[in-house]
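Here are my comments on the structure you asked me to look through, set out as numbered points. Please keep the sequence and the 3D view open while you read.

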Amino acid sequence: MQRLIAFIEHNMHILLFIVLQGMCGVLLFSLNPYQQASFTHSAAFMTDKSNELSSTVTGYFNLQEQNNLLQAQVANQFKNDARSSLYFMNDTITLRDTSRRKLYDVVPAEVVFNTISKASNVFIINKGAKNGIQKNMGVISSQGLAGIVIQSNANYSSVMSLLHINMNVIPTINNFEYYTGLKWDNGHPQTLKITGLNKLEEIKVGDKVYTGKSSLLFPEGILIGEISQLETSQSSQYFTTHVKTATNFRNLDYVYVIINKDIDQLLPLLPDND
Amino acid sequence: MIRLIFYWIAILFLQLVVFNHLGFTSHLAPQVFIILLITLPLHISKSYQMLLGFLVGLVADLFIGTPGIHASACMWLIMLRFFLLGAQDLKEQIANHLPYNIHSVGLSTFAATATSLVLFYHLYVFWLESIGAINWIFILLTTLLSSLFTLIVIGVVQLLSEKSSGEF
């Protein structure tokens with residue numbers, strides 16, 4: 001018995017190592033992306049205050065530029081759309097169609113926490129349930145598509161960025177919607193890839209990639225990026241298409257959350273709620 | 001003692017506020033705070049070293065937003081450090097309660113140990129982080145770049161501490 005105790009005392013660090021590694025494993029693998037995001041969320045909440053403080057200082061430096069980008073974007077996107085007109089409200093821009101019924105609310109928000117160097121990148125914005133933001137809402141930046149809300153509490157929301165290995169967007173190129181996912185492969189932080197495009201399709205480098213009708217989270221025609229390279233191989237009849245994201249995630253400061261007002265009515269009509 | 005606590009907080013603060021947000025390129029994610037674990041004094045019991053590694057890693061995890069990755073990596077680092085240090089003759093340093101650094105064990109020994117530990121740590125963290133979408137070229141490039149950066153910072157910190165009597 002004494003020898004057993006002596007053995008345990010002598011190898012206490014190894015026991016500790018195994019037990020604590022087990023805990024790490026549980027943390028790491030039992031959390032699915034959603035719970036991982038909530039871990040990130042609660043963890044980041046601790047740093048929110050300091051991040052916000054630095055944001056209040058650095059936020060002013062490129063405010064002008066961001067404003068110009070937003071104005072250009074709003075003008076481009078909705079200028080030619082006769083059905084909608086813009087109403088500027090308190091903190092919220094609301095898009096309406098001519099029958100005066102709200103289609104989309106657009107809530108501006110500031111990014112307080114962001115990463116680009118991980119495989120699962122999530123950023124946190126300073127607007128939450130108080131502003132009507134809920135899970136599964138689209139987020140765009142002034143340059144283009146940015147991500148999807150995965151969780152929100154009263155004042156903050158976490159957003160799965162395009163640079164997340166679980167992100168999958170249906171792209172529209174030259175007015176054709178291609179039902180093959182636009183994904184990030186944990187490579188360059190401004191390059192997404194589409195793998196299943198047939199070589200017979202009429203696409204070329206420089207073509208713009210937009211969101212299409214098949215998503216209820218985003219309005220149709222939000223810019224995702226631009227085709228930067230068409231990779232071919234002899235043995236395959238498909239392109240590996242590289243898409244340069246319109247949004248520059250390295251200096252993502254201001255984003256806009258898009259709230260589809262009719263989502264509650266539209267979702268039950270889909271065959272399977274995905 | 002107060003200086004030591006101040007030093008730990010300063011290094012962690014630098015890591016969490018500066019080095020985590022460098023953003024020049026996505027290949028640069030240096031984990032400079034592991035200098036704290038590499039230079040731990042040698043007379044502390046192995047269990048305490050392990051526990052310390054876990055806690056430091058958990059703090060890093062909380063701020064970086066990765067559940068368990070850094071805590072796990074820190075403990076592997078401590079484990080690997082036991083092995084590397086077991087092969088070195090450190091009786092004098094242990095008896096004098098010295099930390100493991102350039103001044104106590106000499107440049108070449110320390111450089112060899114620190115380089116292997118830093119390379120291992122970065123490789124492990126980047127690999128664990130990208131499970132599900134492993135891109136080896138990206139991982140290796142990031143590991144090399146971040147390790148180089150970390151080693152330079154560790155070297156600078158060590159040389160600076162020489163002036164202040166080499167307490168750390």
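**Notes on a predicted two-chain model**

1. Thr172(A) is a buried residue, because 21 other C-beta atoms lie within 10 Å, and a residue counts as buried from 20 upwards. This is a predicted model, which should be kept in mind throughout. Thr172(A) belongs to strand E8 of chain A, which covers residues 171-173. Once its neighbours within four places in sequence are set aside, Thr172(A) is in contact with Glu177(A), Tyr210(A), Thr211(A) and Gly212(A). Ile222(A) is 50 residues away from Thr172(A) along the chain, and the C-alpha atoms of the two are separated by 9.8 Å.

2. Strand E8 takes part in an open sheet of 7 strands in chain A, whose order is E9-E8-E12-E13-E14-E11-E10 and whose pairing is antiparallel. Strand E9 (176-177) and strand E10 (182-183) stand at the edges with a single partner strand each, so one side of each is left without a neighbour in the sheet. At one of these edges, E10(A) pairs with strand E11 (residues 191-198) in the antiparallel sense over 2 bridges, and Lys183(A) has Lys193(A) in E11(A) as its bridge partner.

3. Phe239(A) is found in another strand of chain A, E14, which spans residues 238-245. Is Phe239(A) buried or exposed? Phe239(A) is buried, because 21 other C-beta atoms lie within 10 Å of its own. Not counting residues up to four places away in sequence, Phe239(A) touches Leu197(A), Lys199(A), Leu230(A), Glu231(A) and Thr232(A). Glu201(A), which is 38 residues from Phe239(A) in sequence, is 9.4 Å from it in space, C-alpha to C-alpha.

4. Strand E5 of chain A (residues 138-141) has Gly138(A) and Ile140(A) pointing one way and Val139(A) and Ser141(A) pointing the other way, and all of these residues are buried. E5(A) runs antiparallel to strand E6 (residues 145-152), to which 3 bridges join it, and a hairpin of 3 residues connects the two strands. E5(A) also pairs with strand E15 (residues 254-260), again in the antiparallel sense, over 4 bridges. Ile140(A) illustrates both pairings, since its bridge partner in E6(A) is Leu145(A), while in E15(A) Ile140(A) stands opposite Tyr256(A).

5. Which residues touch the most other members of the largest nonpolar core? That core has 45 residues, and the ones in question are Ile125(A), Val159(A), Val255(A) and Val257(A). Domain 1 (33-165 + 248-269) and domain 2 (171-245) of chain A both give residues to this core, so it lies between them. Val257(A), leaving aside its neighbours within four places in sequence, is in contact with Val107(A), Ala109(A), Lys127(A), Ile133(A), Met137(A), Val139(A) and Val149(A). Apart from this core lies another one, of 41 residues, with Cys24(A), Trp76(B), Leu77(B) and Ile154(B) among them.

6. For chain A as a whole, there are 5 helices and 15 strands, and 34% of its 274 residues count as buried. Among the contacts in chain A between residues at least 6 apart in sequence, 58% join residues that are at least 24 apart.

7. Where the chains meet, 27 residues of chain A are in contact with 24 residues of chain B. Helix H2 (12-30) and helix H3 (33-58) of chain A each supply at least two residues of the side that touches chain B, and the largest share, 9 residues, comes from H2(A). The residues on this side of chain A divide into 16 nonpolar, 8 polar and 3 charged.

8. In chain B, two helices deserve a look. Helix H3 (residues 46-64) has 19 residues and reaches 27 Å from its first C-alpha to its last, close to the 27 Å expected at 1.5 Å a residue. The buried residues of H3(B) include Met50(B), Phe54(B), Leu58(B) and Phe63(B), and just after this helix Gly65(B) takes a positive phi of about 85°. Helix H7 (residues 107-129) of chain B has 23 residues and reaches 32 Å, close to the 33 Å expected. Among the buried residues of H7(B) are Phe110(B), Ala114(B), Leu117(B), Val118(B) and Tyr121(B). As a general point, an α-helix has 3.6 residues a turn, so residues three or four places apart point the same way.

Notes: Residues numbered from 1 in each chain as written. Chains lettered and ligands numbered in written order. Predicted model: local features only at pLDDT ≥ 70, side-chain atom pairs only at ≥ 80, totals over all residues. Contact = placed C-beta atoms within 7 Å. Nonpolar A, V, L, I, M, F, W, Y, C, P; charged D, E, K, R; others polar. Buried ≥ 20, exposed ≤ 12 C-beta atoms within 10 Å, placed from the backbone. Pairing = 2+ DSSP bridges. Expected span 1.5 Å × (residues − 1). Core = buried A, V, L, I, M, F, W, Y, C linked by C-beta atoms within 7 Å. Domains from an automatic or database assignment.
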